[in-house]
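The following explanation leads a new reader through one protein model. Please keep the structure in view while reading.

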Amino acid sequence: MTKKTHSDTPDDLAARALAEVEARAAAAHARELAESEAAAEPEAAAEVESSVSAVPTNDSPAAIAARVSGPRRAVTLDDDEDEDDEDDEDAYDDRWDDASYSHHHGPRRPLRDRARGRSGTVDLLMFRIGTERFAVELACVEEAIDLPDVHHVPEMPPAMLGVITVRGVLTPVFTPDDALGVPVERRSAGLIFRSERGRFALAIDDVDDVMSLDLSLLRDAPGVDGSDPVVLGVARNEGSIVALVDAEALVEACQAIPVPELA
């Protein structure tokens, strides 16, 4: 309150009262401004933080992903999947050419070893001699042909029938009569193999068909002991019996007696 003195005039009193009102109004306005600034401070801080987080950083992609999406579970190989892969590897069959097989497993195991272990699958070419059916590994046969006229040569070994010309190359022709124990009757077809000394033709009665054999279904040939070097076992195909023959052993049996070098 303004203290009145005897020297104050009415105009002086009015001026002082007006100044006090203006001072109080100014102080109230200042307090309102301070309170408004205090209330706006958290929002401003949030905006500043947002603008800072939007600035590109030099973090790695993994760090950025973790900041955006939160922690992530590390990716690891599943043990069960590994076991499945191993099973698939063990189940890898032999229906591949030698180059593909070697790429996966190295040199192909001889058919004799696979047949003895009764493991794997093999593609076979079946053929007939008389009324009997035989089969050799398809990969061992270079080609099957209609047997042309066979020309005799001097001093032929007993199993040799003569020679034919296959693609411009003289090729000896042998009969498997003694090696398989079944005489060839018509000799209308031939299977071409390749031995260390060149091509080798086996005279047969007819080419039959191609079959895939699960070697676990192979059975020992009746009346044949384990020392037999040619017949590896027998299997059923469409109600008949097929004898599985080791092509390499068959060629060796037919060429047991030296033959003339023809190719």
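**The largest pocket and two loop residues**

In this predicted model, the largest pocket holds about 390 Å³ of space. Its lining consists of 14 residues, and those closest to the centre of the pocket are R194, S195, E196, E248 and V251.

Two elements each supply at least two residues of this lining: the strand β6, covering 189–195, and the helix α7, covering 247–254. Of the elements, α7 gives the most to the lining of the largest pocket, with four residues. In terms of class, the lining of the largest pocket is made up of six nonpolar, six charged and two polar residues.

Attention now turns to the backbone. R118 is not a glycine, yet its phi is positive, at about 55°. This residue, R118, sits in the loop that runs between α5 (111–117) and β1 (121–129). How accessible is R118? The relative accessible area of R118 is 25%; R118 is therefore partly exposed, because this value lies between the limits of 20% for buried and 50% for exposed residues.

A positive phi also occurs at R167, a residue other than glycine, where the angle is near 55°. The position of R167 is in the loop between the strands β4 (160–166) and β5 (169–174). Is R167 buried or exposed? With a relative accessibility of 66%, R167 counts as exposed, because the value is over 50%.

To review the two loop residues, R118 is partly exposed, whereas R167 is exposed.

Notes:
Residues are numbered from 1 along each chain as its sequence is written. This is a predicted model: local features need pLDDT of at least 70, side-chain atom pairs count only at pLDDT 80 or more; totals for chains, interfaces and linings use all residues. Side-chain values use heavy atoms; hydrogens and water are left out. On a 1 Å grid over the protein atoms alone, a cavity is a set of points where a 1.4 Å probe fits but cannot get out, and a pocket is an open set with protein on both sides within 12 Å along at least five of seven lines; lining residues have an atom within 4 Å of a point. Grid points are joined across faces, edges and corners, and a volume is the space filled by probe spheres set on the points. Ala, Val, Leu, Ile, Met, Phe, Trp, Tyr, Cys and Pro count as nonpolar, Asp, Glu, Lys and Arg as charged, and the others, Gly among them, as polar. Buried means under 20% relative accessible area, exposed over 50%, partly exposed in between (1.4 Å probe, protein chains only).
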